[in-house]
Amino acid sequence: MINNYKHNTVLLNEAVNSLHIKPDGIYVDATFGSGGHAKLILSKLNKNGKLIVMDRDPLAIKVAYNILDNRCYIIYDNFSNMIKYIKKLNLLGHIDGILLDLGISSMQLDDSNRGFSYMKNGPLDMRMNNTIGYTAGYWLNHAKYNDIYSVLHNLGEERYAKYISKNICRFKKYNSVTSTMDLSKIIIKSYKNINTYSKKHPATKSFRAIRMFINKELEEIKLLLSSISHILSFKGILSIISFHSLEDRIIKHFMSPITTIDSVNSFSINQQSILNINKDKKFKFLKKIKPSLNEISNNRRSRSAILRIAQKIY
Ligand SMILES: C[S@@+](CC[C@H](N)C(=O)[O-])C[C@H]1O[C@@H](n2cnc3c(N)ncnc32)[C@H](O)[C@@H]1O
């Protein structure tokens, strides 16, 4: 049953090729998902090669135990804690490549019980690790107008954050927001009231923003980047696939050879910390790759993907 979960892996060959796999090297796939990238990495390793995989989703970890072999080490935790495990394994400075494929997997999105999709009714959960922390529903029902507005505006870049937040608060006066459809209907109604039209589903940005907030997705990336130079070997490769402009901005800045005044100004106060992470420029940006038109036509989810690749240069 577990082996039946399918995730249409984005930029499969491009991401794995970017790591320039050495058959006896040591690699980390920090976002295992259903293992699409991990399996291809593994196929390029010989019996001395090692693959460390991580995921914060217990189901992804079950899949990993089912499909990986004894060249693999499986870690059930957030990738922001990677350094702790690499240290325990005595591998600091010995990792040849790290791959991150951010966001959620189809396995998570397609399961209505996980509450990630506005297309399927289910409990408003949205936790990638659904065994800890509070759900999106719990947060929405306890949050104040300003907090909801701030998430929708800052993380969702939602133009109508004000109307949607107001309508959520109105709804909460008499009901609880418990299901994905409760939230989706409030958002659709807010859009109708403003009489606006967009090709995207009105709930797209709000759902993504709440998911990013509940899972602290931007903080996770910043924390990992702040320790990554200790983890990678000299000439080690860092390859990251992102799907959202806020994520990409952090990664782009981290890999960028120069910090321009423009790029500094484009960061909000709480994003400024990223400016110090690669200040001694231990990384050299190598390449940016986007999915081909062919991939986009076969897998719509890939259309916003950007793969950025950098190398540790000292
Ligand atoms: C897009 S999927 C990866 C798909 C995978 N590359 C494949 O080919 O099947 C992203 C995965 O990363 C996991 N994830 C996202 N953020 C994480 C974090 N901060 N720490 C650990 N795992 C994370 C999610 O639970 C999800 O399973």
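Buried residues make up 53% of the 314 residues in this protein. Keep in mind as you click around that you're looking at a predicted model.

**Stop 1: the whole chain**

Show the protein as a cartoon and you'll find 14 helices and seven strands. Now think about who touches whom: among contacts with a separation of 6 or more, 67% are between residues 24 or more positions apart. Switch on the surface, and about 15600 Å² is exposed, with carbon and sulfur atoms supplying 52% of that area.

**Stop 2: the ligand**

Select the ligand and show what surrounds it. How many residues surround the ligand, and which are the closest? There are 25 of them, and the closest are Thr9, Asp55, Phe79, Asp101 and Glu220.

Zoom in on threonine 9. An N or O atom in its side chain sits 2.7 Å from an oxygen atom of the ligand. Next, turn on the backbone atoms for two more residues. Serine 34 has a backbone N or O atom 3.0 Å from a ligand oxygen, and glycine 36 has a backbone N or O atom 3.1 Å from a ligand oxygen. On its own the ligand has 610 Å² of accessible area, and the protein covers 98% of that.

**Stop 3: helix α10**

Select residues 204-214, which form helix α10. Why is this helix described as largely enclosed by the rest of the structure? Because eight of its eleven residues are buried. To see them, colour Thr204, Ser206, Phe207, Ala209, Ile210, Arg211, Met212 and Ile214.

Then step just past the end of α10 to lysine 216, where phi is positive, about 50°. Most residues other than glycine have a negative phi.

**Stop 4: two more positive phi angles**

Go to methionine 126, in the loop between α5 (106-109) and α6 (136-142). Methionine 126 isn't a glycine, yet its phi is positive, about 70°. Is this residue buried or exposed? Methionine 126 is buried, because its relative accessible area is 0%, and the cut-off for buried is under 20%.

Now hop to glutamate 157, in the loop between α7 (145-155) and α8 (161-174). Here too a residue other than glycine has a positive phi, near 50°. With 38% relative accessibility, glutamate 157 counts as partly exposed.

**Stop 5: back to the α5–α6 loop**

Select asparagine 113, which also lies in the loop between α5 and α6. Its relative accessible area is 52%, so asparagine 113 is exposed. Draw a distance between the C-alpha atoms of asparagine 113 and methionine 126: these residues are 13 apart along the chain, and the C-alpha atoms are separated by 9.1 Å. Which residues does asparagine 113 touch, leaving aside its neighbours within four places in sequence? Look for Pro123 and Asp125.

Stay with that aspartate for a moment. Aspartate 125 forms a salt bridge with arginine 127, with the closest N and O atoms 2.8 Å apart. Both aspartate 125 and arginine 127 are buried.

**Stop 6: more salt bridges**

Side chains of opposite charge can pair when their charged atoms come close. A search of the whole structure turns up eight salt bridges.

Try lysine 22 and aspartate 96, whose side chains meet in one of them at 3.0 Å, N to O. This pair links distant parts of the chain, 74 residues apart: lysine 22 is in the loop between α1 (12-18) and β1 (26-29), while aspartate 96 is in strand β4 (residues 95-101). Lysine 22 counts as partly exposed at 42% relative accessibility, whereas aspartate 96 counts as buried at 13%.

Next, pick arginine 71 and aspartate 69, where the side chains form a salt bridge of 2.8 Å, N to O. Arginine 71 is buried, with a relative accessible area of 15%. Its partner, aspartate 69, counts as partly exposed at 34% relative accessibility.

**Last stop: a patch on the surface**

Bring the surface back and select Phe234, Ile313 and Tyr314. Together they make a nonpolar surface patch of about 330 Å². Click on tyrosine 314, and you're in the segment after β7 (306-312). Tyrosine 314 has 51% relative accessibility, so this residue counts as exposed.

Note on methods. Residues are numbered from 1 along each chain as its sequence is written. This is a predicted model: local features need pLDDT of at least 70, side-chain atom pairs count only at pLDDT 80 or more; totals for chains, interfaces and linings use all residues. Side-chain values use heavy atoms; hydrogens and water are left out. Patches are made of residues with over 30% relative accessible area and no salt bridge: like charges are joined within 9 Å, nonpolar side chains (Val, Leu, Ile, Met, Phe, Trp, Tyr) within 5 Å. Accessible areas come from the Shrake-Rupley method with a 1.4 Å probe; for residues, only the protein chains shown count as cover. A salt bridge is a side-chain nitrogen of Lys or Arg within 4 Å of a carboxyl oxygen of Asp or Glu. Helices (H or I, at least four residues) and strands (E, at least two) are DSSP runs, numbered from the N terminus. Buried means under 20% relative accessible area, exposed over 50%, partly exposed in between (1.4 Å probe, protein chains only). A residue is near a molecule or strand if one of its heavy atoms lies within 4 Å of it. A polar contact is a pair of N or O atoms within 3.5 Å; within protein, one must be able to donate a hydrogen and the other to accept it, and residues adjacent in sequence count only if both atoms are side-chain atoms. Contact means heavy atoms within 4.5 Å.
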